[in-house]
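Me: Could you walk me through this structure slowly, as I am new to this?
Reply: Gladly; here it is to look at first.

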2 protein chains.
Amino acid sequence: MIYFREISEKKSNKLVANKNSIIRLSRYKNALTRLKAMGFVKVFSDNLADAVEVTPSQVRKDFSLFGILGNKRGGYKVDELIEKLNSILGKNELQNVVIVGAGHMGTALMRYKGFEKEGIRIAACFDTDENKLDRNAKIPVLPISEMQEFIKKKKIRLGIIAVPDHAAQEVLDKLLEAGIKGILNFAPIKLNGPEEVVINNVNIELELENVIYFVNVKDKAKVKV
Amino acid sequence: MIYFREISEKKSNKLVANKNSIIRLSRYKNALTRLKAMGFVKVFSDNLADAVEVTPSQVRKDFSLFGILGNKRGGYKVDELIEKLNSILGKNELQNVVIVGAGHMGTALMRYKGFEKEGIRIAACFDTDENKLDRNAKIPVLPISEMQEFIKKKKIRLGIIAVPDHAAQEVLDKLLEAGIKGILNFAPIKLNGPEEVVINNVNIELELENVIYFVNVKDKAKVKV
DNA sequence: TAGATTGTTAATCGATTAACAATC
DNA sequence: TAGATTGTTAATCGATTAACAATC
């Protein structure tokens with residue numbers, strides 16, 4: 001992937017975007033819309049740093065990494081900044097997504113309010129279970145046999161996998177075959193896909209196990225007293 | 001929190017557990033149960049490294065960090081290793097959890113199969129909406145007014161927040177008041193709690209936005225050709 | 001102008017990887 | 001014993017923070 005490397009690395013071998021910096025951009029953007037609502041027209045790296053709980057250096061570094069320039073002494077204009085962040089984050093165009101699996105998790109995601117206001121639209125959900133189908137719903141639930149055609153016809157690039165573990169790899173293969181480029185995977189297994197496909201895993205058990213571990217550590221630390 | 005620092009840092013100022021190392025421990029453990037099912041009695045750092053896609057150095061480093069010792073030349077005994085990892089991860093005792101919010105996400109989590117086999121038990125779910133209550137279900141859905149007493153009586157330490165943004169902070173405060181020590185939060189807002197409480201945030205929008213960003217980057221990289 | 005804030009370079013910090021002596 | 005693998009120390013890599021010259 002030579003061409004990707006060209007834009008993802010600076011000459012100086014300092015790497016550009018990593019996952020954390022993108023997450024921070026999203027947070028800056030959210031903070032900015034709040035600040036805007038409060039009447040701010042300009043912001044300084046200080047303000048954003050406070051809002052997102054990072055250092056001002058981090059803010060300026062992130063911006064400079066993505067080519068966002070402010071005005072020395074004058075900070076950043078809120079409107080321009082929001083616009084630029086939206087553009088970087090791909091928020092200027094509606095993002096169509098399909099969900100595979102209309103079980104509990106898939107249904108929760110279908111109903112999830114957070115997506116719409118972020119410019120994410122669930123185009124359809126797919127399932128093998130006939131009882132779950134609902135062609136006429138606002139977000140239709142369709143048989144998985146129609147999935148690939150649907151994706152191709154609507155040129156959808158993003159898919160969410162919310163099926164049981166044992167079905168996940170097969171679903172992934174089908175999605176990729178149909179042209180999907182990015183995956184958010186809720187099945188707690190490692191999926192194999194080609195390098196050029198973006199796969200982000202959300203593993204709820206692992207997240208909860210993490211909490212358990214740190215609670216235990218702190219507990220033991222206290223007992224030690 | 002002097003006492004916590006004492007055990008969380010080595011003399012040499014090398015820090016012990018960070019979130020990533022704990023996640024890796026969970027993955028080692030999962031890999032090991034698979035290897036065990038395949039008949040393995042011993043494993044080498046090589047095997048685990050392959051299974052989890054890290055370097056053998058990483059595996060040995062992680063183990064040494066948590067005081068897990070193998071046998072030079074003989075690797076690690078699978079059963080012992082699983083046992084030790086379970087103990088570190090707090091898997092030897094059943095972990096009771098309450099869910100707050102019986103909306104789509106809360107319900108999905110209640111029905112989530114992954115928890116049980118990891119020794120996590122959902123003791124109850126709480127909601128303000130009377131229509132959602134169900135005292136007699138296997139996992140009862142109770143009014144939020146009974147939450148604090150329930151938590152205290154059953155000495156529950158872990159809570160999952162799955163309520164709308166605007167209710168999340170209030171729910172957190174109540175949970176902490178009742179004695180909850182660790183939180184998994186699905187509401188996409190920053191929660192304020194005292195330092196000694198463990199709060200882990202799962203933000204599904206951010207995760208999907210991340211996918212969108214990297215898909216766009218790769219797309220543009222290709223067009224550039 | 002004087003003061004404040006950016007943008008970038010250098011320093012620091014932390015986590016991962018490599019190397020290798022110890023030893024089973 | 002010879003060979004292989006651990007456990008740990010040192011080297012590397014990457015990300016965050018600090019510092020400061022440029023400049024509005």
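**The surface near the DNA**

Reply: The residues of the surface near DNA strand C divide into 3 nonpolar, 10 polar and 9 charged, where Ala, Val, Leu, Ile, Met, Phe, Trp, Tyr, Cys and Pro count as nonpolar, Asp, Glu, Lys and Arg as charged, and the others, Gly among them, as polar. This is a predicted model, in which local features need pLDDT of at least 70, side-chain atom pairs count only at pLDDT 80 or more, and totals for chains, interfaces and linings use all residues. Residues are numbered from 1 along each chain as its sequence is written, chains are lettered from A and ligands numbered from 1 in the order in which they are written, and side-chain values use heavy atoms, with hydrogens and water left out.

Me: Which residues come nearest to DNA strand C?
Reply: Of the 22 residues around the strand (a heavy atom within 4 Å), the nearest are A:Ser45, A:Arg60, A:Gly70, A:Arg73 and B:Ser57.

Me: And what does the side chain of A:Arg73 approach there?
Reply: An N or O atom in the side chain of A:Arg73 is 3.0 Å from a base nitrogen of DNA strand C, while for B:Thr55 such an atom is 3.3 Å from a phosphate oxygen.

Me: Switching topic, how many salt bridges are there between chain B and chain A?
Reply: The count is 10, a salt bridge being a side-chain nitrogen of Lys or Arg within 4 Å of a carboxyl oxygen of Asp or Glu. One of them joins B:Lys19 to A:Glu207, with the closest N and O atoms 3.2 Å apart.

Key. Polar contact = N/O pair within 3.5 Å; in protein donor to acceptor, adjacent residues only side chain to side chain.
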